[in-house]
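These are my notebook entries on strand pairing and aromatic contacts. I took the sheet before the rings.

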Amino acid sequence: HMQRDSTLNGSSLTMVWNRAWTDGGVMTVNSSSVVTYSTLVNATANNASQASGGAVHMAQQSSLTTPVLRMHSNFAGVSGGGVYMAAACSLWATTLTATMNTASAGHGGLLASWTSTLTATSLTGVGNEAMVSGGGLYLHNSTAHVTSGWLTSNVAHTASVRVTTSASPHVLHSPTHSPMLS
């Protein structure tokens with residue numbers, strides 16, 4: 001748990017079998033905090049059983065930067081099976097890979113984002129699941145800059161990828177196969 005206005009710099013981080021009752025199975029990045037890893041962040045089988053962000057919960061105006069972000073089998077009781085991003089957050093990764101993450105009562109099996117920015121050179125999401133919408137990605141009033149990506153076999157009640165704005169929702173949907181992002 002990082003306090004407000006904190007900075008964390010590291011080389012690599014591996015998070016396995018962690019559990020939190022509240023936000024962020026492993027890491028909660030609080031408001032206006034900055035986290036930077038120069039090599040790798042690897043999150044496997046982490047659990048935020050009663051809240052959002054199975055691996056990482058990013059509070060308002062926080063940022064996470066790493067060349068490689070891998071998330072596998074993380075669980076959130078609400079939204080963001082892998083990562084939950086609150087207002088005005090930024091997540092940057094050269095390679096972002098997410099498999100089999102679950103948001104059991106909300107949005108975004110891989111990632112749920114509200115008024116935030118995701119930047120990835122390569123994005124791969126396979127077998128992620130959300131109870132409501134965005135089995136792969138759920139982006140509400142958010143921006144995603146993805147150079148190349150593949151989302152497949154992501155499942156949600158409404159859509160495997162859901163992009164909404166305050167004006168109207170935009171849905172990229174296929175029952176078992178999301179379109180390739182380019």
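Entry 1, criterion. I treated two strands as paired if DSSP finds at least two bridges between them. The model I worked from is predicted.

Entry 2, strands S10 and S13. I looked up the pairing of S10 with strand S13, residues 117–126, and found nine bridges, with the strands running parallel. Within this pairing, I noted that Thr97 has Thr124 in S13 as its bridge partner.

Entry 3, strands S7 and S10. I then turned to strand S7 (residues 63–72) and strand S10 (residues 90–99), which pair through nine bridges, again in the parallel sense. Here I found Thr66 opposite Ala93 in S10.

Entry 4, strands S4 and S7. Strand S4, residues 34–44, runs parallel to S7 and is joined to S7 by eight bridges. I recorded Thr36 as standing opposite Thr65 in S7.

Entry 5, the whole sheet. In what order do the six strands of the open sheet stand? I read the order as S1-S4-S7-S10-S13-S16, with parallel pairing. Strand S1 (7–16) and strand S16 (143–152) each have a single partner strand, so I assigned both to the edges, where one side of each lacks a neighbour in the sheet. From one strand to the next, I noted an average twist of 5 degrees.

Entry 6, aromatic pairs. How many aromatic pairs does the rule give? I counted two. For Tyr84 and Trp114, the ring centres lie 5.3 Å apart and the planes meet at 40 degrees; I therefore entered the pair as tilted. Tyr84 belongs to strand S9 (residues 83–85) and Trp114 to strand S12 (residues 111–114), so I noted a link between distant parts of the chain, 30 residues apart.

Entry 7, the other ring pair. Trp114 also pairs with Tyr138, and I recorded 5.3 Å from centre to centre and 45 degrees between the planes, a tilted arrangement. Because Trp114 lies in strand S12 and Tyr138 in strand S15 (residues 137–140), this pair ties together parts 24 residues apart in sequence.

Entry 8, accessibility. Is Tyr84 buried or exposed? I took buried to mean under 20% relative accessible area. At 17% relative accessibility, Tyr84 therefore counts as buried. Tyr138, at 8%, also counts as buried. Trp114, at 22% relative accessibility, I entered as partly exposed.

Entry 9, the ring cluster. I closed by noting that ring pairs link Tyr84, Trp114 and Tyr138 into a cluster.

Terms used:
Residues are numbered from 1 along each chain as its sequence is written. This is a predicted model: local features need pLDDT of at least 70, side-chain atom pairs count only at pLDDT 80 or more; totals for chains, interfaces and linings use all residues. Side-chain values use heavy atoms; hydrogens and water are left out. Axes are lines fitted to C-alpha atoms, for helices over the stretch in contact, and angles run from 0 to 180 degrees between N-to-C directions. Rings of Phe, Tyr and Trp (its six-membered ring) pair if their centres lie within 6.5 Å; planes under 30 degrees apart count as stacked, over 60 as edge-to-face and the rest as tilted. Buried means under 20% relative accessible area, exposed over 50%, partly exposed in between (1.4 Å probe, protein chains only).
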